[in-house]
Amino acid sequence: MDGTAFGPDFLWGASTAAFQIEGAAAEDGRTPSIWDRFSHTPGKVLNGDTGDVACDHYHRYPEDVALLADLGVGAYRFSVSWSRVLPQGTGAPNAAGLDFYDRLVDAVLAAGVEPWLCLHHWDLPASLYDRGGWGNREAADWFAGLAAVVARRLGDRVRHWFTFNEPNVMVWLGHVNGNHAPGLRDRQAALSAIHTINLAHGRAVGAIRANATDPMVGLIASLQPVQPAADDAAHRQAAQALDLFWNRAMVDPVMLGRYPSDLADMLGDRVRDGDLATIGQPIDAFGLNHYCRLYAVPDPGAPFGVGIGGAPDGTPVTGVGWQIDGTGLTEQLLRLKAEYPPVPIYITENGAAFPDLPDANGYVDDQDRVAFLTEYLGAAQRARDAGVDLRGYFVWSLMDNFEWELGYGTRFGIVRVDYDTLVRTPKASYQHLKEVIAALRGG
Ligand code: FCB
């Protein structure tokens, strides 16, 4: 492994998300999220998979925490299910829901691992979608309400907070191409969501700081260098548009306090006096999720005239067709350094899906994933060598889970989950990462 230079202070972590692992969808007062609704709509998710049971982490979390401890990570990044904490989205908290996260946080801490809490990983309560969702400006206050409730309960023990996971992806896949919940393909809805979510981020930063003890607060975005899929004017224009919406629409206002001017024109009077000051208040950390480069194609029928094409022919790809090219990660990290004020950066997601054929004991010898991780860690180290303030790396994901519209057939875990028995079996990549972490820590 190229990377002993990461040194003993580098933070190693593993990431998950509530909807993808918890299950217990209708238990202890939880109400449906837009992902429950979407996945129960025929034709939306491969094989009709839903989050009803998922990895049953809600009941099996002690086992998962033990896996984290054995892996040797310093941090565990997870998210809370909004509709478990606030079944109506706003109003009275659900004691049983908060108790679950309380137990989880205590277990994680007892294992010697720091809990890194992300407030929202895509599972908006369905009741709030019915009140207009991110199209309703009030959603910024609904979200700040969630932040306050969770920070009041856990803010004495959780020191590391993120507001949103990949708000840019939430907008693009949920409101522009419609592959994700709530399944919209609507230009105006997307523009409204961009600004409301940004405002919600800003309000939540304030609510976390007001209610938690000395918190680190940040935002997580999925950023990916965008290239034209072909070398002509239409593709170059598509690449510019995709870069604007994917990489800048929800990062520029947070990091620079302003929208790119062409987007500001489109947002119009959605942006009110004072909004950008709220959105642009300094954050303590930036979470970068990165998987692959994006290739833009013109798509005249799409809300912004652009779509995402496949990886160039003949280039290596993962099991879901995402291009394997660590140079994209180095480039993205350097871009963050070049274009935004300095803020500590953590890679909060990186990983890969592969076919993962288990042997008779459920063991997966995923050397393809080991090679992927090796390449991307080397790429991260190259960015550090070039002066990027990169402080940590969280693998996606601790375990196989519900991969959104692809369901359970797509496996990103370093631990295999057998969905019939719910048995967890560490893969070769888990063992590999464990050795890397131990070696780099001098353990
Ligand atoms: C990211 C998501 C995460 C997972 C990975 C593969 O965009 O944040 O939940 O689906 O992709």
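**A walk through one chain, from Trp-404 outwards**

Okay, hi everyone, let's start with one residue: Trp-404 has its place in the loop between strands E11 and E12. Those labels come from DSSP runs, numbered from the N terminus: helices are H or I with at least four residues, and strands are E with at least two. Before going on, a word on where this comes from: it's a predicted model, where local features need pLDDT of at least 70 and side-chain atom pairs count only at pLDDT 80 or more, while totals for chains, interfaces and linings use all residues. Residues are numbered from 1 along each chain as its sequence is written, and side-chain values use heavy atoms, with hydrogens and water left out.

Back to our tryptophan. Is Trp-404 buried or exposed? Its relative accessible area is 3%, so Trp-404 is buried. Buried here means under 20% relative accessible area, exposed means over 50%, and partly exposed is in between, using a 1.4 Å probe and protein chains only. Its backbone is worth a look too: phi of Trp-404 is near 50 degrees, which is positive although the residue isn't a glycine.

The loop between E11 (390–396) and E12 (415–417) also holds Ser-397. A cis peptide bond joins Trp-396 to Ser-397, with omega at about 15 degrees. There's another cis bond between Ala-181 and Pro-182, where omega is about 5 degrees. Pro-182 sits in the loop between helices H8 and H9.

Now, Asp-214 also has a positive phi without being a glycine, near 45 degrees. You'll find Asp-214 in the loop between H9 and E5. With 57% relative accessibility, Asp-214 counts as exposed, whereas Trp-404 is buried.

Let's zoom out to the chain. How many helices and strands does the protein chain have? There are 16 helices and 13 strands. The radius of gyration is 20 Å, close to the 22 Å that the globule rule gives for 443 residues, so the chain is as compact as a globular protein of that length. For the record, that radius is taken over C-alpha atoms, and the rule is 2.2 Å times the number of residues to the power 0.38. Along its principal axes, the C-alpha trace spans about 55 × 55 × 45 Å.

Of those 443 residues, 60% are buried. If you take contacts between residues at least 6 apart in sequence, 77% of them join residues at least 24 apart. Contact just means heavy atoms within 4.5 Å.

Pro-167 gives you a feel for that. This proline is found in helix H8, residues 167–176, and at 2% relative accessibility it counts as buried. Leaving out residues up to four places away in sequence, Pro-167 touches Ile-197, Leu-219, Ile-220 and Met-250. Take Ile-197: it's 30 residues from Pro-167 along the chain, yet their C-alpha atoms are separated by 7.1 Å.

Next, Ala-221, in strand E5 (residues 216–222). Its relative accessible area is 1%, so Ala-221 is buried. Beyond its neighbours within four places in sequence, Ala-221 is in contact with seven residues you can click through: Glu-166, Asn-168, Val-251, Phe-286, Gly-287, Leu-288 and Asn-289. And here's a link to where we began: Ala-221 and Trp-404 are 183 residues apart in sequence and 17 Å apart in space, C-alpha to C-alpha.

One more buried residue, a charged one this time. Asp-366 is in the loop between strand E10 and helix H15, and its relative accessibility of 1% makes it buried. Which residues does Asp-366 contact, setting aside neighbours within four places in sequence? They are Asp-356, Lys-427, Ala-428 and Ser-429.

Last stop, helix H5. Why does a span of 22 Å fit H5? It has 16 residues (95–110), and at 1.5 Å a residue it should span 22 Å, which agrees with end C-alpha atoms 22 Å apart. The expected span is 1.5 Å times one less than the number of residues. Among the buried residues of H5 are Gly-97, Leu-98, Tyr-101, Leu-104, Val-105 and Val-108. An α-helix has 3.6 residues a turn, so residues three or four places apart point the same way. The buried residues of H5 pack against several elements, including helix H3 (57–71), strand E3 (114–120) and helix H7 (139–154). After H5 comes Gly-112, with a positive phi near 80 degrees. That's my tour, thanks!
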